[in-house]
Amino acid sequence: MIDGDKPTRRDALKAMGAMGVVGLAGCTDDDGTHTFTLAGTSSGSSTQAAGNAAALAASEHSDSIDVTVQETGGWTANIYDYDAGDFESIGVDTNSMAKAFNDEDPFDEEPVESIPDQGPRFTSLEMIWVAMEGSGIESTADLREGGYTIYPIEPGFGTRLITEEVLTEDGIFEANEINNENTDDIPGAVEEGRVDALCVYGSNGIDLAGWCQEVDVRSDGELYVIETDDHFRDTVDSIDGARAAEFEPYGWEQDVTSELGVDEVFSWVLDGMWAFHPDIPAEATYEFTRVMHEHHDTMRDSDPTVLDYEENPEDLSAAVIDDIPVHPGVAEYWQDIGIWDDDWVEG
């Protein structure tokens, strides 16, 4: 995924994370309490849910950090917001981070000067295809032939970036009309029958994203999973940052597998992490990571899709990209609990 042979260690590790970023949305008070203002993507998103869960756990189990969450335009947009100095802590996906680091699409035309240090993983988003009753769509082969209106997730989302890359490579994106509405409005489009097929996602095998739950409710039971042919599966396998998986659908109020008798669905999976400005005190990100690790049960009171970090601490570090620095406070905590890999770069 990462091209470590680019000149000057990828422009001095993207200016050492963010040496020139100013106007940060976060601060450390005189009493040493650090406030994390997380760039959390849109209302109803898995990032918003994870951020609110972290805020709850921090409020109940930490005397040295506070956490708040703001709505933003998505994972990819968060990198630009970070580079502009609007946020010091962002939710971001591994694919967007890697592309920003390597100045790859869309960062080739609009590169960023700085990217944050890596932090703990908070989710794995498992994307699948569903179609509307009456669309006539049975397989991704039908979508490749084209002529439908499809929703490949909201522009600016990291899930949209990887999905658009998959669909473009597969030949689906250009063959169909693309609905670019935001996630707040797409349930209405489904209810009104203005889309034929959608890419939707859930988190960690537990539940659908909030906007996908709304799509489920307002579709009036008319959604079903379509088959993914070998061509589509091979496309996913060929793209860096898209991890293939199969599982039984979860989180739906309706039976989405009965239409074609499909028991399992094929998914392209994307990991999301919290990432931090390198000037945030190491003790603050250490504490942030500790709270996630030790108090996932409290976090689940707010977000039932939170990973069980206590049982599987490796889930905290599962999204690390080798050539991008890990924030020193996060690295120290991982070293303390025995999940650090010496091949990783400490910020």
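Trainee: Which loop holds Asn 204?
Mentor: First, this is a predicted model in which local features need pLDDT of at least 70 and side-chain atom pairs count only at pLDDT 80 or more, while totals for chains, interfaces and linings use all residues. Residues are numbered from 1 along each chain as its sequence is written, and side-chain values use heavy atoms, with hydrogens and water left out. Helices (H or I, at least four residues) and strands (E, at least two) are DSSP runs, numbered from the N terminus. With those names in hand, you'll find Asn 204 in the loop between β8 (197-203) and β9 (207-208).

Trainee: Is Asn 204 buried or exposed?
Mentor: Its backbone is worth a look, since Asn 204 has a positive phi of about 60° although it is not a glycine. For the surface question, buried means under 20% relative accessible area, exposed over 50%, and partly exposed in between (1.4 Å probe, protein chains only). Asn 204 has 15% relative accessibility, so it counts as buried.

Trainee: And Asp 220, is that buried or exposed?
Mentor: Asp 220 sits in the loop between α8 (210-218) and β10 (223-225). Its phi is near 60°, a positive value in a residue other than glycine. Its relative accessible area is 63%, so Asp 220 is exposed.

Trainee: How many residues of strand β4 are buried?
Mentor: Strand β4 covers residues 89-93. In a regular strand the side chains alternate between the two faces of the sheet. Here Ser 89, Gly 91 and Asp 93 point one way, Ile 90 and Val 92 the other way, and all are buried. The strand is largely enclosed by the rest of the structure, because the buried count is 5 of the 5 residues.

Trainee: How many bridges join β4 to strand β12?
Mentor: Two strands pair if DSSP finds at least two bridges between them. Strand β2 (residues 34-39) pairs with β4 in the parallel sense over 2 bridges, and Leu 38 has Ser 89 as its bridge partner in β4. Ser 89 also has a bridge partner in β12, Phe 276. β4 and β12 (residues 265-276) run antiparallel, and the number of bridges joining them is 5.

Trainee: How far apart are the C-alpha atoms of Ile 90 and Phe 276?
Mentor: Ile 90 is in strand β4, and it is buried, with a relative accessible area of 0%. Leaving aside neighbours within four places in sequence, its contacts (heavy atoms within 4.5 Å) include Trp 274 and Ala 275. Ile 90 and Phe 276 are 186 residues apart along the chain, yet their C-alpha atoms are separated by 6.7 Å.

Trainee: Which strand gives the largest share of the largest nonpolar core?
Mentor: A nonpolar core is a set of buried Ala, Val, Leu, Ile, Met, Phe, Trp, Tyr and Cys residues joined through side-chain atoms within 4.5 Å. The largest one has 84 residues, and Trp 129, Leu 198, Trp 211, Phe 288 and Trp 334 touch the most other members. The largest share of this core, 8 residues, comes from strand β5 (residues 117-132).

Trainee: Which residues of helix α12 are buried?
Mentor: An α-helix has 3.6 residues a turn, so residues three or four places apart point the same way. What covers the buried residues of α12 includes β5, β12 and α10 (282-294). In α12 (residues 328-337), those buried residues are Gly 329, Val 330, Ala 331, Tyr 333 and Trp 334.

Trainee: What is the volume of the largest pocket?
Mentor: On a 1 Å grid over the protein atoms alone, a pocket is an open set of points where a 1.4 Å probe fits, with protein on both sides within 12 Å along at least five of seven lines; lining residues have an atom within 4 Å of a point. Grid points are joined across faces, edges and corners, and the volume is the space filled by probe spheres set on the points. By that reckoning, the largest pocket comes out at about 250 Å³.

Trainee: Which helix gives the most to the lining of the largest pocket?
Mentor: Of its 14 lining residues, the closest to the centre are Asp 105, Pro 106, Leu 161, Glu 164 and Glu 165. The peptide bond from Asp 105 to Pro 106 is cis, with omega near 5°. With 6 residues, the most to the lining comes from helix α6 (residues 158-170).
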